[in-house]
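Thanks for making time this morning. I would like to walk you through one model, going from a pair of helices out to the contacts between chains and then to a pair of domains.

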Amino acid sequence: MADPVLRIENLSKNFGGLRVTDEVTLDVMPGELHAVIGPNGAGKTTLINQVSGLLAPDAGRIAFAGEDITGLPVHTRAARGLARSFQITSILPRFSVLENVALAVQARHGSSFRFFGSAADEDELNSPALAALTQVGLADRADAAAADLSHGEKRALEIAIALAMEPKLLLLDEPMAGTGRDEADRLVAVLRSLKSRFPIMLVEHDMTAVFALADRISVMIYGRILTSGTPDEVRADPQVVAAYLGDEME
Amino acid sequence: MSTTLLIVQTLNGLQLGVLLFLIAAGLTLVFGVMDFINLAHGVQYMLGAYLAVMFYGLTGNFFFALILALGAALAFGLILEFAVFRHLYDRDHLDQVIATFGIIIFLNQGVKLLWGASPLSLPMPEIFSGSIVLMPGILYPVWRLVIIGSGLVVALILYLLVGHTRAGMLVRAGATNAPMVSALGVNIRRLFMIVFGFGTMLAGFAGIMIAPILSVEPGMGDTILILAFVVIVIGGIGSIRGAFLAALIIGLVDTLGRSFAVDILRLFMAPSPARTVGPAIASMLIYLLMAVVLYLRPAGLFPAKGRA
Amino acid sequence: MADVALSSSSAARRSLLAGNVLPILLFVAFALLPLFAAFSAEAYLLSLVTRVMIFAIAALSLDLLIGYGALISFGHAAFIGLGAYAVGILGAHEIHDALISLPAALAASALFAFATGIVCLRTKGVYFIMITLAFGQMVFFIATSLAPYGGDDGLTIRLRSTLAGFSVFASDRALYYVCFACLLGAYLLCRVLIASRFGRVYRGARENALRMGTIGFEVYRYQLIMYVIGGAIAGLAGFLLSNATDFVSPAYMAWQRSGDLLIMVILGGMGTLHGAIIGAAAFLLTEEWLSGLTEHWKVIFGPLLVLVAVFARGGLIGVGTRLRGMLRG
């Protein structure tokens, strides 16, 4: 039994009187895509924020690649290979698409305390960036300003940035958010190609995508994990159907 | 270091603190509710003093002058709000800084044009012009006590208004989340005007009250403006309670620091270097205090928008 | 817009000359001025434009902070003052060699930038503006209380800086060219910094600091380093200023001077570097012209600034770009 890439143990967080994360225990194994689903307000984004370091939990611990990262700042976790995408697109709008990704490459390639030379011309950074863009199908948009991208293209850019970090784990927060069926299908294809290469924790609402991609699914309701299991198990679980899937399944 | 001096300087520190509070209260509310940096707040203070001098010249009575000056200061503030500030609420802070900086330059020169560059004075009301014996051997000017007293009364009124009235609740809500308050149907423009007008009057009131003690001259608002900024930054932007506490702390630290810095340093070093270094350190004190507070709490002691 | 141009490197190479017309013109104009001035009011013109160049250096360093980093420092004049006082204080102790006073000026401003930057950069937005203002005031008050060095009245500098014994700055012309060289050097340094790996992270932090953190960059460090560099460059301006005026006083670091610097950068056009130079020139030349018209010129200057803030987005460069666009049809 291999060690999990990510292990969340009894994570809890309160916002005032509201318990947004309630003793969450969950792990992501190497090579698996573990989807976390649940209704709006279940606390999924809050969970991702705690894993990536934007929010500090009140209790519990988070272990990444065998090491406790619970107290570490965001940038340290990222430097160790914890890559995330945002539910609400978070890119550098006035930079080009290529530079958005090249910066992620730069974070991993040598020192950024270089004060001379033109960063934009560095092939050492631009080639891996272009490769990441190719994987998500954005290579032809490399020179466009990131702000000029369509919504679906921006979601793909988010994934490209995460890829360029040479991640040990991908935390994807609703990558399909706001996309139409076509764009969503394209993103599903992208994610399927990534599946075997990186462990992924995927928070999503789009059930088509989830059941097409997930190896394991955890269902979150009111900050708690209701149940975990394979897609078939979860689909059949009466609790889940009653609480959540009943409305979602076509 | 005598007890008399200590007591007198403590009272002076309280007086400075109260004065700072009067100026800072309006500033922090305008900041908090409207997210508007108003560098011109200092000139409202100056204008209050000048208007009081002018009205005193016309009426010969301090209290008439006070009321007329307050009214005129309020009117002027509202005109400024209507003509200039209104256009800047949606702009970024840098533009607000530049614009209000321009207003300072304009008004500092303007009062020079109207009243000349030499300092003017405003006599204090007869009944308050003496000194009273607080304790054996301690004679303290009555007017300074009046300032302290009126400042505390204003603080109490503000506390009741902001904490216990519906309008005050809207102000507090606005300081926490203005767009939300607007979305809830409250006339945010009117709220802004009320908050702004109030702040203007408080600053003007401070200027009028201090005029009998200081000289009224162009640029008198500039230095105190920065002190007021230090107050609201330490207290937390948008918080009246924070402004009150911070103002008193700063008033005391600054006054006592300047009085006793040299003496305290003499405990550690020879008289001559103490006399050189002392004043320098005294002038640094409140900024060091601010640095320490902000290092530990980057959003001040009681930030209205929650812990940053 | 400058960001996208920088990133598309092949396009940038093609338009290298086109994109740099304005800076090139500026520097050619500065270089040729002394020749022109020889035919008219030489001393006056030289000293005026020397001042313009010195403040342009300071404005450049401020543009690094506000234009490329969104770090709105309202206390930048303090660094000019520290640089100037380094010269003044050493001069009062009969140390005039630039080999000592220049590093001292740079070190003083860099250290102050480091010490205050550590605190300031933990704050955001309005707090940052206020705390930089307050720290600037702090230095101002320290200077006024330095009785042995003139206090409020300031300190006359008997002898301009020498370079290893040679009176390099003695003549106004020589000083002019030194300032020109420093301006050119500072400008090129800033250009290089902005385009470097370091500069890109720093600029990225302005766009989206959160994103930069989640990519793996500790934004605070980059901002602190840039803040120190900006402070040091302004310290250089202070070194030059005290030599140019043979005088140093706390007035050099009054907060109104910090406000002037902000206006210079915005007036010219924030985030362009040469905009800071244009802004410094426009500000000082306007000030010079207006003050010749009337004693109460500030009554005009004040509203002018208000109008600039309210209407001139992108500063003079922005206006120029729009005009060009209109002329092209």
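Let me begin with a helix pair in chain B, where helix 2 of chain B passes helix 7 of chain B in a right-handed crossing. Please keep in mind throughout that this is a predicted model. Two packed helices are described by the angle between their axes and the distance between the axes. Here the axes of helix 2 of chain B, residues 41-59, and helix 7 of chain B, residues 188-210, come within 7 Å of each other and cross at roughly 50°. Because angles from 35 up to 65 degrees are neither roughly parallel nor roughly perpendicular, helix 2 of chain B counts as oblique to helix 7 of chain B.

Which residues meet in this pair? From helix 2 of chain B they are B:H41, B:Q44, B:Y45, B:M46, B:L47, B:G48, B:A49 and B:A52, and from helix 7 of chain B they are B:T200, B:A203, B:G204, B:F205, B:A206, B:G207 and B:I208. Sorted by class, the contact of helix 2 of chain B with helix 7 of chain B has nine nonpolar and six polar residues, and no charged ones.

Moving out to whole chains, two pairs of chains touch, and of these chains B and C share the most contacts. Chain B brings 36 residues to that contact and chain C brings 39 residues. On the side of chain B that touches chain C, the elements giving two or more residues are helix 4 (93-115), helix 8 (220-235) and helix 10 (271-296) of chain B, and it is helix 4 of chain B that gives the most, with 14 residues. That side of chain B divides into 28 nonpolar residues, seven polar and one charged. Chain A and chain B, by contrast, are joined by no contact, and their closest C-alpha atoms lie 12 Å apart.

Finally, chain A itself is divided into domain 1, covering 1-81 + 167-250, and domain 2, covering 93-166. The centres of the two domains of chain A, taken over C-alpha atoms, are separated by 25 Å, and the contact takes 13 residues from domain 1 of chain A and 13 residues from domain 2 of chain A. On the side of domain 1 of chain A that touches domain 2 of chain A, helix 2 (74-79) and helix 6 (181-195) of chain A each give two or more residues, with helix 6 of chain A giving the most, at five residues. By class, that side of domain 1 of chain A has seven nonpolar, four polar and two charged residues.

Key:
Residues are numbered from 1 along each chain as its sequence is written. Chains are lettered from A and ligands numbered from 1 in the order in which they are written. This is a predicted model: local features need pLDDT of at least 70, side-chain atom pairs count only at pLDDT 80 or more; totals for chains, interfaces and linings use all residues. Domain bounds come from an automatic or database domain assignment. Two residues are in contact if their C-beta atoms, placed from the backbone, lie within 7 Å. Helices (H or I, at least four residues) and strands (E, at least two) are DSSP runs, numbered from the N terminus. Ala, Val, Leu, Ile, Met, Phe, Trp, Tyr, Cys and Pro count as nonpolar, Asp, Glu, Lys and Arg as charged, and the others, Gly among them, as polar. Axes are lines fitted to C-alpha atoms, for helices over the stretch in contact, and angles run from 0 to 180 degrees between N-to-C directions. Angles under 35 degrees count as roughly parallel, over 145 as roughly antiparallel, 65 to 115 as roughly perpendicular and the rest as oblique. A crossing is left-handed if the near helix is turned anticlockwise from the far one by less than a right angle, and right-handed if clockwise.
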